[in-house]
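I opened this model to look up its contacts, its overall size and one sheet. My entries follow in the order I made them.

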Amino acid sequence: MKIKKFSKKPFDWEERTGAKPVVCYPNTNLQDNNLDVLLKARKFLVKKNEITISPRDAKTFEVNSGNFFRIESIEGPQVGDLNLFQLNNLNEKFYSGKTRALYGTHISVGDKMYSNLPYLRSLATITWDTLDWYGYDSDGGSVHDVIGTRCDPYTSKLLSGNDYHYCCHSNLTRALVKEKNIEIKKAEKIVHDVLNVFMCTGFTKDTKQYFMKASPVRPGDYIEFFAETDLLGVLSACPGGDCGSEHSSDTAKCYPLKVSIWSVDQKYLENIKQSETSSYNKNHGID
Ligand SMILES: [Zn+2]
């Protein structure tokens with residue numbers, strides 16, 4: 001938050017600040033033909049299963065490679081915090097920071113959710129988003145961000161002094177402990193920064209602080225993903241509700257979320273390019 005300036009401006013400040021921005025990671029190489037295939041395939045989806053996630057709680061779900069899943073608003077505006085793991089190797093998990101570096105602050109149709117190093121492959125591609133009309137608003141806000149982290153009891157304690165047990169970090173941890181029999185210390189360590197589903201966020205123009213505003217999501221809205229490997233998902237219905245006022249408390253009105261799993265006849269996916277883990281040789285200049 002660079003509001004105060006302690007140091008003196010140098011004589012050549014204009015020259016030093018006038019450089020042109022260059023996109024760090026030009027992502028044109030990431031565009032492939034999968035999206036065309038997926039947009040056609042999704043017209044033939046058949047629902048296999050669905051679960052409901054209660055407010056201020058989380059649940060796990062599994063999606064086989066080649067299937068789709070949707071996260072849907074069902075009773076009222078509600079934000080969801082999503083973690084994704086490779087089902088058979090929980091060390092491989094969603095990497096929000098690199099996904100942000102590749103695509104920007106918020107993601108939507110055609111964008112891929114990349115996994116952490118040394119894997120760095122697409123775990124899932126977004127194939128539909130009923131909120132993609134929102135774009136960026138006049139505050140620079142948008143939906144489905146990869147700039148936030150997840151609400152957690154440690155930051156809550158730091159800022160308010162209170163112990164609160166139903167932040168997304170705790171909800172995600174609890175779901176892994178209860179449903180997957182993972183020991184609590186291990187579960188907490190593998191919970192990671194999320195895709196903030198339906199959350200409307202940005203950075204303030206003056207202080208560049210992370211802001212949230214009431215989500216534009218309404219019952220019936222959904223975001224849909226194509227699973228590119230076998231996935232373990234965990235979704236928390238955030239205690240912030242629509243995140244229009246506050247989170248990390250029992251104050252906000254909260255609603256459940258629905259997760260549904262869909263399959264499609266594999267003939268529609270014949271031309272899909274498989275998502276592979278990175279082929280970098282991991283030498284790191286040692287030899
Ligand atoms: Zn949350």
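I began with contacts (C-beta atoms, placed from the backbone, within 7 Å of each other). Of the contacts in the chain with a separation of 6 or more, 74% are between residues 24 or more positions apart.

I noted that this is a predicted model, in which local features need pLDDT of at least 70, side-chain atom pairs count only at pLDDT 80 or more, and totals for chains, interfaces and linings use all residues. Residues are numbered from 1 along each chain as its sequence is written.

I checked the overall size next. The radius of gyration, taken over C-alpha atoms, is 20 Å, which agrees with the value near 19 Å for a compact globule of 287 residues (rule: 2.2 Å times the number of residues to the power 0.38).

I listed six helices and 13 strands (DSSP runs, H or I of at least four residues and E of at least two, numbered from the N terminus).

I then followed one open sheet, whose six strands have the order 1-13-3-11-7-6 with antiparallel pairing (two strands pair if DSSP finds at least two bridges between them). Strand 1 (46-53) and strand 6 (112-114) are at its edges with a single partner strand each, so one side of each has no neighbour in the sheet. Strand 3 is joined to strand 13 (residues 257-263) by six bridges, and Phe68 stands opposite Trp262.

I finished on Ile71, in strand 3 (residues 68-73). Its contacts more than four places away in sequence include Val197, Tyr222 and Leu257. The C-alpha atoms of Ile71 and Glu228 are 17 Å apart.

Methods. Two residues are in contact if their C-beta atoms, placed from the backbone, lie within 7 Å.
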